[in-house]
Amino acid sequence: RVVVGVNRFTSDEPMPEVRGYQMNDGNRRRQLDRLASVKAARDQSAVNNALGVLADGARRDDVNLMPLLIDCAKVDCTVGEMVTALKDVWGSFTQPTTF
């Protein structure tokens, strides 16, 4: 069985060094303050409605969720809220540990 990077298409070259972004406490606080400001100013009933419509759409096989996700974004739903609505319907994916 072919597993790319394991038994096919491998390389002897060392992996490049990759550094991730580390947010400092000041930037973290600023971002959390911005999030709180957006949540305070939005129409919570519109948010709840959009998330409910998204969840209802996720329960069906014949619904394109992209327009529903866009509607959620337009009323300032957070990505986390949208993901939670979908997880509530579908559950969380767990990567199988074997191939």
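Here is a walk through this structure, from one of its helices to the core and then to the loops around it. Keep in mind that you are looking at a predicted model.

Let's start with helix α2, which runs over residues 44–58. How far apart should the ends of this helix be? At 1.5 Å a residue, its 15 residues should span 21 Å, and the end C-alpha atoms are indeed 21 Å apart, so the expectation and the model agree.

Now see which parts of α2 are tucked away. Its buried residues are V47, A50, L51, L54, A55, G57 and A58. If you look down the axis of α2, these buried residues fall within an arc of 160°, so they line one face of the helix. And what covers them? The cover includes α3 (65–74) and α4 (79–90).

Move on to α3 and you can ask the same kind of thing: which of its residues are buried? They are L65, L68 and C72. These residues cover an arc of only 60° around the axis, so they sit on the same side of α3. Among the things covering them are α2 and α4. While you are here, have a look at the N-terminal end of α3, which is capped by N64. A side-chain oxygen of N64 lies 3.0 Å from the backbone nitrogen of M66.

Next, put those buried faces into a bigger picture. The largest nonpolar core has twelve residues: V47, A50, L51, L54, A58, L65, L68, C72, C77, M82, A85 and L86. Helices α2, α3 and α4 are the elements that give two or more residues to this core. The largest share comes from α2, with five residues. To get a feel for the packing, pick A85, one of the core residues. Apart from its neighbours within four places in sequence, A85 is in contact with L51, L54 and A55.

You may have spotted two cysteines in that core, C72 and C77. Why are they not joined by a disulfide? The sulfur of C77 is 4.1 Å from the closest cysteine sulfur, the one in C72, and that is too far for a bond. The cut-off for a disulfide is a pair of sulfur atoms within 2.5 Å. The disulfide count for the model is zero. Both cysteines are hidden, though: C72 is buried with a relative accessible area of 0%, and C77 is buried too, at 8%.

Let's step into the loop between α3 and α4, where you will find D76 and T78. D76 comes after α3 and has a positive phi, near 70°. Why stop to look at that? Because most residues other than glycine have a negative phi. D76 is a residue other than glycine, yet its phi is positive. With a relative accessible area of 38%, D76 is partly exposed. T78, by contrast, is buried, with a relative accessible area of 18%. Not counting residues up to four places away in sequence, T78 touches L35, K39 and R42.

That last contact takes you to R42, in the loop between α1 and α2. Is R42 buried or exposed? With a relative accessible area of 11%, R42 is buried. Leaving aside neighbours within four places in sequence, R42 is in contact with V47, V75, D76, C77, T78 and E81. With E81 there is a polar contact from side chain to side chain, at 2.7 Å. The chain also brings R42 and V75 together: they are 33 residues apart along the chain, but their C-alpha atoms are separated by 7.0 Å.

Finally, go back to the segment before α1 (25–41), where F9 lies. F9 is not a glycine, but it has a positive phi of about 55°. Is F9 buried or exposed? At 70% relative accessibility, F9 counts as exposed.

So try tracing the route once more in the viewer: begin at the buried face of α2, cross to α3 and α4, which help cover that face, and end at R42, with its side chain in polar contact with that of E81.

Notes. Residues numbered from 1 in each chain as written. Predicted model: local features only at pLDDT ≥ 70, side-chain atom pairs only at ≥ 80, totals over all residues. Heavy atoms only, no water. Helix = DSSP H or I, 4+ residues; strand = E, 2+ residues; numbered from the N terminus. Expected span 1.5 Å × (residues − 1). Buried < 20%, exposed > 50% of the residue type's maximum accessible area, 1.4 Å probe, protein only. Arc of directions from axis to C-beta. Contact = heavy atoms within 4.5 Å. Core = buried A, V, L, I, M, F, W, Y, C linked by side-chain atoms within 4.5 Å. Polar contact = N/O pair within 3.5 Å; in protein donor to acceptor, adjacent residues only side chain to side chain.
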